[in-house]
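Got the viewer open? Load the chain, switch to cartoon, and follow along stop by stop.

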Amino acid sequence: MTLETINNLAPDMAEARFRDCCAAEPWIQGMLSGMPYADQEALIAQSRSLWPTLTEQDWLQAFEAHPKIGDVDSLRAKYASTKALASGEQSGASGAAEDILQRLKDGNDAYAEKFGFIFIVCATGKSAQEMLDLLESRLPNSRAEELENAAREQAKITELRLEKLL
């Protein structure tokens with residue numbers, strides 16, 4: 001999709017495309033009000049300008065749109081290519097990978113229980129081990145710290161999705 005296509009979408013279609021990027025209603029409305037966009041930089045600038053205006057409730061609405069990784073099977077599917085790449089390394093790698101997946105599942109559950117929302121991180125290019133390290137490093141944080149961390153990560157995810165939209 002080109003920027004010209006986005007600029008010419010019917011309002012309901014543009015809303016749906018923006019919602020695919022971030023489900024926070026005020027962010028979506030702000031993106032719609034910024035149309036038409038002169039270029040990709042203007043689109044990204046509009047998105048960035050909206051982040052400071054969002055409330056905790058808005059952030060939580062955005063987080064709720066992310067799928068929660070609920071079991072080891074879904075994690076195994078997500079990191080199948082990582083496991084394949086690592087399979088030829090050390091003989092214990094396959095056992096360790098399964099342990100990492102179980103720890104990720106347990107950590108995700110603990111995170112949601114503690115903070116009241118799922119673990120949000122821009123996962124692009126990160127291995128299961130890197131994700132686990134990030135998750136475990138953030139678990140001791142306060143809810144306020146984690147809301148800020150998750151919001152920062154949501155902004156990165158949204159920006160990537162906007163770029164992919166184009």
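Start with the whole chain: of its contacts (heavy atoms within 4.5 Å) with a separation of 6 or more, 69% are between residues 24 or more positions apart. Keep in mind that this is a predicted model, where local features need pLDDT of at least 70 and side-chain atom pairs count only at pLDDT 80 or more, while totals for chains, interfaces and linings use all residues. Residues are numbered from 1 along each chain as its sequence is written, and side-chain values use heavy atoms, with hydrogens and water left out.

Now colour by secondary structure. You'll get ten helices and zero strands, so the element string from the N terminus reads α-α-α-α-α-α-α-α-α-α (helices are DSSP runs of H or I with at least four residues, strands are runs of E with at least two, and both are numbered from the N terminus). Of the 166 residues, 40% count as buried (buried is under 20% relative accessible area, exposed is over 50%, partly exposed is in between, with a 1.4 Å probe and protein chains only).

**Stop 1: α2 and α3**

Select 11-21 for α2, then add α3, which spans 25-33. Their axes come within 9 Å and cross at roughly 130° (axes are lines fitted to C-alpha atoms, for helices over the stretch in contact, and angles run from 0 to 180 degrees between N-to-C directions). That makes the two helices α2 and α3 oblique to each other (under 35 degrees counts as roughly parallel, over 145 as roughly antiparallel, 65 to 115 as roughly perpendicular, and the rest as oblique). The crossing of α2 and α3 is right-handed (the near helix is turned clockwise from the far one by less than a right angle; anticlockwise would be left-handed). Show side chains for P11, A14, E15, F18, R19 and C21 on α2, and for E25, W27, I28, Q29, M31 and L32 on α3: these make the contact. By class they divide into eight nonpolar, one polar and three charged (Ala, Val, Leu, Ile, Met, Phe, Trp, Tyr, Cys and Pro count as nonpolar, Asp, Glu, Lys and Arg as charged, and the others, Gly among them, as polar).

Stay on α3 for a moment. Which of its residues are buried? They are W27, I28, G30, M31 and L32, and their cover includes α2, α4 and α10.

**Stop 2: α2 and α10**

Keep α2 and bring in α10, residues 143-165. The axes of α2 and α10 come within 8 Å and cross at roughly 135°, so this pair is oblique too. Pick R17, F18, D20 and C21 on α2, plus Q154, T158, R161, L162 and L165 on α10, to see who makes the contact. Four of these residues are nonpolar, two polar and three charged.

**Stop 3: α5 and α10**

Hide α2 and select 56-64, which is α5. The axes of α5 and α10 come within 10 Å and cross at roughly 60°, an oblique arrangement with a left-handed crossing. E56, W59, L60, A62 and F63 of α5 meet R143, L147, A150, A151 and Q154 of α10. The class count is seven nonpolar, one polar and two charged.

**Stop 4: E163**

Still on α10, click E163. Buried or partly exposed? At 36% relative accessibility, E163 is partly exposed. Leaving aside neighbours within four places in sequence, E163 contacts Q40 and I44. Try the ruler on E163 and I44: 119 residues apart in sequence, they are 8.4 Å apart C-alpha to C-alpha.

**Stop 5: a cis proline**

Zoom in on the loop between α3 and α4 (40-50), where P36 lies. The peptide bond from M35 to P36 is cis, with omega near 0°. For background, most peptide bonds are trans.

**Stop 6: Q129**

Jump to α9, residues 128-138, and pick Q129. Q129 is partly exposed at 31% relative accessible area. From Q129 to R103 is 9.7 Å, C-alpha to C-alpha, across 26 residues of sequence.

**Stop 7: the cysteines**

Finally, how many disulfides does the whole structure hold? Zero, with a disulfide being a pair of cysteine sulfur atoms within 2.5 Å. Select C22 to see why: the closest cysteine sulfur, in C21, is 8.3 Å from its own, too far for a bond. C22 is buried at 1% relative accessibility, and C122 is buried as well, at 9%.
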